Each structure stands twice: as C-alpha cells, then as structure tokens.
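Biologist: Could you walk me through the reasoning behind the labels on this structure?
Modeller: Gladly; let's have a look at it together.

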Amino acid sequence: MSALFLFTCILAKANCTPEFDKYVQVFEQHYGQSIPRGVQFSWGELEEPLNAICTDDHKQIIVNKKRWGTLTEDQHEAVILHELGHCVLGLTHTDQGLMRSQLLSTKEYVSNREALIKDLFTNPL
C-alpha cells in the first residue's frame, strides 16, 4: 500500500476538517463518548477498490481521496463509521452490516441506517 498524505486531521475537536468531523460526531453520539485523541485522518492514495483503511496500530484512518469524490454523502458516513469501528472499537470485518468489507449501496445504507449504526455498537468482538 502506498499512501501520499495531503494533510492530516488530528481529532482534537477544534482541528478537524468538515469532511470528517460530522461523521465523527455521528460515531461519538452513538458511542457515548469522544474517540481517542490519538486517532488521525489522512488523505491518501490507496489501491482500488479501497475507500479507506485503519492502520494496524489503530491510530490513523487513511481515506482514498480519489474514491471519496465518487461516493455519496451517505456512503461517506458509512465509510468513516466502518473505519472508526476498526480503529476505535477494534472490530474486524463481518459478513453483513457496516463492518462487511464491501461498501453498502446508498439505498441499502439509507434504508437501514439506524439499525446498522446500532448494530455497530451492540455487537462488539
């Protein structure tokens, strides 16, 4: 994996970019607490078809800038919640729900949003 970092957003509330802050807020609202301050977001170039990844040390989420522009607003939320599931909750991929390895369609995500988010937090490892 090669990543070219264009900027970094350290999630210390005041320093987060609008692209990610609103999705972090959704996560935190359901999580019931702030995410760890050490978790960072970076734009990068990832191999297709990756939308984003959580690094092995669970401290960085690298978002594929090229793919981001092709996704809908709802898919943006799903991608960030998925990666926060890895980095913050320590979840692995599943066969269904937000933690499956394939991106949900906008229709599937919107139709099941509340249940998908609830499942993310009620079915940990």
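Modeller: One term to begin with: contact means heavy atoms within 4.5 Å. Keep in mind that this is a predicted model.

Biologist: Thanks! Which residues does Leu98 touch, not counting those up to four places away in sequence?
Modeller: By that rule, Leu98 touches Ala78, Leu81, His82, Leu104, Tyr109, Leu116, Ile117 and Leu120. Leu98 is also listed with Val63 and Leu84 as having the most contacts inside the largest nonpolar core, which has 30 residues. The largest share of this core, six residues, comes from α3.

Biologist: Why is the link of Cys54 and Cys87 called a disulfide?
Modeller: The cut-off for the two sulfur atoms is 2.5 Å, and those of Cys54 and Cys87 are 2.0 Å apart, so the pair qualifies as a disulfide. Cys54 lies in strand β3 and Cys87 in helix α3, so the bond ties together parts that are 33 residues apart in sequence.

Biologist: What makes Cys54 count as buried?
Modeller: Buried means under 20% relative accessible area. Cys54 has 14% relative accessibility, so the label fits. Cys87, with 8%, is buried by this rule too.

Biologist: And how do you know that Lys65 sits over the face of Trp43?
Modeller: The distance limit is 6 Å from the ring centre, along with an angle limit of 35 degrees from the ring normal. Lys65 is counted as lying over the face, at 4.0 Å from the ring centre of Trp43. Trp43 also belongs to an aromatic cluster with Phe20, Tyr23, Phe41 and Trp68.

Technical notes: Residues are numbered from 1 along each chain as its sequence is written. This is a predicted model: local features need pLDDT of at least 70, side-chain atom pairs count only at pLDDT 80 or more; totals for chains, interfaces and linings use all residues. Side-chain values use heavy atoms; hydrogens and water are left out. Rings of Phe, Tyr and Trp (its six-membered ring) pair if their centres lie within 6.5 Å; planes under 30 degrees apart count as stacked, over 60 as edge-to-face and the rest as tilted. Helices (H or I, at least four residues) and strands (E, at least two) are DSSP runs, numbered from the N terminus. Buried means under 20% relative accessible area, exposed over 50%, partly exposed in between (1.4 Å probe, protein chains only). A nonpolar core is a set of buried Ala, Val, Leu, Ile, Met, Phe, Trp, Tyr and Cys residues joined through side-chain atoms within 4.5 Å.
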